[in-house]
Amino acid sequence: MQLRMKTNNCGELNLSNLDQEVTLSGWVDCVRDLGGMIFIELRDRTGFFQLVSDPQKNPEVHKIFEKIRSEYVITIKGKVTRRPEETYNEKLPTGQVEVYPESVEILSEAKPVPFVLDDESVSEDVRLKYRYLDIRRPAMYSKLKLRHDVVQAVRNYMNGNDFLEVETPILIKTTPEGARDYLVPSRVQPGKWYALPQSPQIFKQLLMVGGVERYYQIAKCFRDEDLRADRQPEFTQIDIEMSFVEQQNIIELVEGLIVEGFKAAGVEVKPPFIQMPWQEAMDRFGSDKPDTRFGLELFDIGDIILQSNFDIVKKTLENGGIVRGIRIPGGAKYSRKEIDDITKLAVSFGAKALANIIYNEDGTAKSPVLKFVTEEQAQQIKDRAQAQDGDIIFFVADRPKTVYDIMGRLRLHFGKSLNLIDESKHALLWIVDFPMFEWSDEEQRFMAMHHPFTSPCLDDLDKLDSGDLGNVKSVAYDIVYNGTELGGGSVRIHSPEVQKKIFKALGLTEEEAQEKFGFMVNALQYGTPPHAGLAIGLDRMIALLARTDSIRDVIAFPKNSAAKDLMSDAPAEADYKQVRELYLKSTYNPAQHK
C-alpha cells in the first residue's frame, strides 16, 4: 500500500529507480551546507537517502532547505537521478542515486536533541529517558526488527505444527512459592489482591485438561526480583504445552523451533543437539548452563586426596564435600600477584581458599600442597588434570553446590580472560535429568528445583515415600545456548496422587496445598492427559542473537536496573483518591529509609 506522503522508502532506492518520480518522507539525519548547495541525509526505518538543493535550479525549495535542521520531519517530491560517479557512497545501498526535490514540506520541527543519535558512548540512562529518540537509531531499530522477525518465525512454525495460540489471564491468584509476585489490590473486593503472573504455568496445564492438546503463547510475565542485565520486572517468553507426549517429543519440537527462530536472525544450527545429564554438566563444567565453546573442563581429585595427609581437605570430603580442579595451560608463568588476584576472585565467589600446584617447565612442581601428598600422589594429580610442564592447576574443596559455583565461575573467567571462547560457534545443548529438589539454607527445607508441577522420574517415586528427596530426579530439561539458559521445561504431573506427594515433600499441608493450588489439584481429578511443555525467554534469546549484553537493548521500553522507567517516571505515587478507593494505607515510613 502506498501512502500519500510516501511512494518509496528511503533505504530502498537504487539505480533501478532512475528517472522515477518519488515521494519520500522521514527524519533529517544531517544537513550539510557546502556554500550554496545544501545536502540533506533523509532517514526512515529502512535507511538513508541523499537530497540535494541547488539555489539556481529551485530557489523556493532552497529557501525551505535553509530552514531545516536535524530531526525535522519532512516530505519531498522529485525525480531519482544518478549521482556524479566521484561522489558515490559505497557504504550505502542508496549511495549511487539522489533526488533534487521539486517540492518540500516541513511536517514537524524538532528541538535540538539531548544527545547525538549515532554516539555509542551516550549513557544508558540518557538513552532510556529519551527512548523515543533512541529508537530512531538504526542500531536500535534493527534489534526491534530482529525481534519481530524471530517472533513471526516462531508463530509460523507453531501454527504449522497445529498449535493453538491462547491468551491466559494477567490478573491471577498469588502463589508465594518461588519469586516475589507483583500484587494488584482489588477495588471491588476490599482487602483482596490479584497477582501478575510469573508464568502461565497453571493455566497452560489447565488448557491441557481442557483438551486443547497443543498450546502456545508469546506471553508477558512479571517477577518482582533484583535486576541484572538479563532480568526485567516484565519480560516475554515463548510458552508451549503439549498433551500425549514424552520428553523426547518436546525436545524434537523445540529443536525445530530453534532452527526456524535462529534462521530468521541469519544463524544456521543443526539438530539434534547434545543431551547432557545435569550431574555430568556440573562435574565437567561446574554449571547447569555450560558454555561448551571452549575446554578447561573440571576434574575430580577427591579419591587421591583421601589417600593423602591433606587432613583439612580430607575432613571436608568425609563430611560430604567434594574437590574439583581446573588446569590453566601456561599458567606456571603467573606472577605471585596474579595468583593472589585469582585467589581473591575465587574468595569473592565464596571460596574459603584456593589451592594451586605449579608445574614448572623443568618438570619440577611447586606448591604448599606438596607437603601433604606423596610424590606418587602428586603425579596422580598431574595425570588426572592432564597437566603439562608449564601449567598451573587450581582446586577448591567444599560442599558440592559451593564448589560447582566457584569453579564454574572461575572457568568462565579464564575462558574470557585467555580469549578461549570461539565467538563464531553456536553451541546448543540440552541439560536433562535434573534433581527434583534442592536444599534451601534460608528456608531450611527442600524446594522444587523447577516448580512443583514437574514430574519426578517414575523410578524414584519410592524415594518420595522414604524421604530420600535429595536423590529424586525429575523429568525436566533446559535448552542452553553459548552458556546461557534459553529456556526450560518438564514433563508435568498428571496424577493427583503424585501431585499430593510432591506438595507433601515440599512441606505443604493438604490445607495449604488446597489454598494455594486447589483449582489445579481439583482439575487433575477430571481426566488429565500426560502432558509436557517448555518456555523460552524471548528477550534473552533475541539479545544473544543480536550479540548485545543486555536484554534492555531488545525491548522497546524497558526498565532500568532499579526497575524504573526513566522516560515515564514509573513507578510513581498514586493520587490519594485512587489509593482511598482501593482501601489502602501505606506502611512506608520515610524515617526508616533515610
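What follows is a conversation between a colleague and a modeller about how terms are applied to this predicted model.

Colleague: What makes up the chain as a whole, in secondary structure and in extent?

Modeller: The secondary structure of this predicted model comes to 17 helices and 22 strands, and the C-alpha atoms fill a box of roughly 95 × 75 × 60 Å along the principal axes. Of the 594 residues in the chain, 46% are buried, and among contacts between residues at least 6 apart in sequence, 68% join residues at least 24 apart.

Colleague: Why is the pair Arg492 and Glu241 called a salt bridge?

Modeller: The rule asks for a side-chain nitrogen of Lys or Arg within 4 Å of a carboxyl oxygen of Asp or Glu, and the closest N and O atoms of Arg492 and Glu241 are 2.8 Å apart, so the pair meets the rule. Arg492 lies in the loop between β21 (484-491) and α14 (496-505), while Glu241 lies in strand β10 (residues 234-243), so the salt bridge ties together parts that are 251 residues apart in sequence.

Colleague: How do you know that Arg492 and Glu241 count as buried?

Modeller: The cut-off for buried is under 20% relative accessible area; Arg492 has 2% and Glu241 has 0%, so both residues fall on the buried side of the cut-off.

Colleague: What makes Arg284 and Glu280 a salt bridge, and how do the two residues stand in helix α7?

Modeller: Their side chains meet at 2.7 Å, N to O, which is set against a limit of 4 Å. The two residues are four apart in helix α7 (residues 278-285), which means that about one helical turn separates them. With relative accessible areas of 27% for Arg284 and 31% for Glu280, both are partly exposed, because that class lies between the buried limit of 20% and the exposed limit of 50%.

Colleague: How many salt bridges does the rule give, and which residues are joined into one network?

Modeller: The count comes to 39 salt bridges, and those that share partners join Glu120, Arg127, Arg131, Asp134, Arg137 and Asp553 into one network. Within that network, Asp134 forms a salt bridge with Arg131, the closest N and O atoms being 2.8 Å apart. Asp134 and Arg131 are three residues apart in helix α3 (residues 131-134), separated by about one helical turn, and both are buried.

Colleague: What makes the buried residues of α7 belong to one side of the helix?

Modeller: Trp278, Ala281, Met282 and Phe285 are buried in α7, and they cover an arc of only 100° around the axis, which puts them on the same side of α7. The buried residues of α7 pack against β11 (274-277), α12 (400-417) and β17 (428-432). Just after α7, Gly286 takes a positive phi of about 70°.

Colleague: How is the packing of α4 and α6 described?

Modeller: Two packed helices are described by the angle between their axes and the distance between the axes. For helix α4 (residues 138-160) and helix α6 (residues 247-264), the angle is about 145° and the axes are 8 Å apart, and α4 passes α6 in a right-handed crossing. The residues in contact include Leu146, Val150 and Tyr157 in α4, which face a set in α6 that includes Leu253, Leu257 and Glu260. The residues of this contact divide into nine nonpolar, two polar and three charged.

Colleague: Why is Asp162 called exposed and Asn482 buried?

Modeller: Asp162 has 63% relative accessibility, and the cut-off for exposed is over 50%, so it counts as exposed. Asn482 has a relative accessible area of 13%, and the cut-off for buried is under 20%, so Asn482 counts as buried. Asp162, in the loop between α4 and β6 (164-165), has a positive phi near 70° in a residue other than glycine. Asn482, in the loop between β20 (476-481) and β21, has a positive phi of about 50° although it is not a glycine.

Colleague: Which peptide bonds are cis, and where do their prolines lie?

Modeller: A cis peptide bond joins Pro271 and Pro272, with omega about 0°, and Pro272 lies in the loop between α6 and β11. The peptide bond from Ala570 to Pro571 is also cis, with omega near 0°, and Pro571 is found in the loop between α16 (538-545) and α17 (576-581).

How values were computed
Residues are numbered from 1 along each chain as its sequence is written. This is a predicted model: local features need pLDDT of at least 70, side-chain atom pairs count only at pLDDT 80 or more; totals for chains, interfaces and linings use all residues. Side-chain values use heavy atoms; hydrogens and water are left out. Buried means under 20% relative accessible area, exposed over 50%, partly exposed in between (1.4 Å probe, protein chains only). Axes are lines fitted to C-alpha atoms, for helices over the stretch in contact, and angles run from 0 to 180 degrees between N-to-C directions. A crossing is left-handed if the near helix is turned anticlockwise from the far one by less than a right angle, and right-handed if clockwise. Contact means heavy atoms within 4.5 Å. Ala, Val, Leu, Ile, Met, Phe, Trp, Tyr, Cys and Pro count as nonpolar, Asp, Glu, Lys and Arg as charged, and the others, Gly among them, as polar. The arc is that of the directions from the helix axis to the C-beta atoms.
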